[in-house]
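Thanks for sharing this one with me. Here are my notes, for you to read alongside the model.

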Amino acid sequence: MNSISRVVITGASSGLGATLATSLAKEGISLGLLARRGEMLAEVSKACKEFGVEVIEEVGDVTQVDDCRRIMDRTFAQFNGIDCVIANAGISMWTKFDEVEDPSVFARLMEVNYLGVVHSAYSSMQYLKDSRGLFVAISSVQGKVPVPLHSGYVASKHAVQGFCNSLRIELHGSGVDVMTVLPHWLRDTNLRTSALGADGKKIGTTSRKHSNESISLEAASSEIIKSLKKRPRELVIPWKLKLLSLVFGLRPQWAEAVIRRVVNKQDQ
C-alpha cells in the first residue's frame with residue numbers, strides 16, 4: 001500500500017463502504033469519507049480514527065456534484081493530495097418491470113449508481129492526475145450480465161461500465177488508472193432492505209435470502225484492497241463469475257437459465 005496513502009470513499013456510512021474504510025484505516029491510510037447519513041458516518045469515522053489515522057467526513061449526496069467536490073477539495077487540502085477515489089455509493093431495486101407503479105425509480109437508480117460515479121470522477125480528476133492515482137468504481141457483475149427484477153439496477157451498472165471503459169481510454173498516458181469492481185451479491189448490507197420496490201419506495205424488511213454464492217463484506221473488501229496495488233482494469237469477485245459473463249456472450253440462453261433459477265430461489 002506504499003503508493004496509496006490518501007483515499008476518498010463515497011457511500012462510506014455502511015456496507016462495503018464502511019468495511020473498506022475501516023480496513024484501509026488498519027493499513028494506515030488517511031481517509032476522506034462521504035455519505036448521506038451523518039450519524040452513521042460519524043460512527044465509521046470514529047472507528048477509523050481508533051487506528052490512528054486522519055479522517056475527514058462530509059455529509060453529502062453523490063447525486064449532487066457540489067457535495068462530491070466538497071469532499072475532494074477538503075481531502076486534497078488536508079492531505080496535500082488524493083491517491084485513490086472509490087466511488088461506492090449505490091442503491092438497488094427488486095421488482096418486475098411490468099409491476100412498476102412509479103417509473104421515476106429508474107431515474108433515481110441512474111442518479112445514484114451512474115451519476116454518482118460520474119460526479120466522483122469529475123470532482124477528483126485533476127487531483128488524481130496530479131498524483132497519477134487510481135479511480136475505482138464499485139459496479140456489479142450485473143454490469144455484464146442481466147438479472148430479472150433488477151432491470152433499472154442492471155441498466156445503471158451497464159452505464160457505469162461504459163463510462164469507465166471510455167474514461168480509461170481517454171486517460172491513457174495521464175498516469176491515472178480506472179478500475180471497475182464487479183462483485184456478486186454481498187451479504188450483511190442494507191441493499192436488500194433499501195432496494196426500491198414497485199412503488200418506488202424501499203421494500204424494507206424481507207424474507208429473501210442471499211444464495212450460497214454470495215460473499216461477505218470482509219472478503220470483498222480484502223480483494224479490493226489487494227487490487228489497489230496491481231490496478232487491474234477489472235476485478236470480478238469471486239473470479240469464477242467471469243465464466244458466467246463468458247457464457248452469456250457465447251450462449252446467452254444457457255446463462256439466462258442459470259440466472260433465472262438463482263433469482264427464483266431468492267424470490268420465494
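The points below cover the sheet first and then the helices.

1. This is a predicted model, in which local features need pLDDT of at least 70 and side-chain atom pairs count only at pLDDT 80 or more, while totals for chains, interfaces and linings use all residues. Residues are numbered from 1 along each chain as its sequence is written, and side-chain values use heavy atoms, leaving out hydrogens and water.

2. Seven strands form an open sheet with parallel pairing, in the order E3-E2-E1-E4-E5-E6-E7. Strands are DSSP runs of E with at least two residues, helices runs of H or I with at least four, numbered from the N terminus; two strands pair if DSSP finds at least two bridges between them. E3 and E7 (234-237) are the edge strands, each pairing on one side only.

3. E1 (residues 6-10) runs parallel to E4 (residues 84-87), joined by three bridges. Val7 stands opposite Cys84 in E4.

4. Which residues of H2 are buried (under 20% relative accessible area, 1.4 Å probe, protein chains only; exposed is over 50%, partly exposed in between)? They are Leu41, Val44, Ser45 and Cys48. These residues sit on the same side of H2, because they cover an arc of only 100° around the axis (taken from the directions from the helix axis to the C-beta atoms). The face turned away carries the exposed residues Glu39, Glu43 and Lys46.

5. Do look at H4 too: this helix bends by about 55° at Ser124 (the angle between axes fitted to the seven residues ending there and the seven starting there). Arg132, which follows H4, has a positive phi, near 55°.
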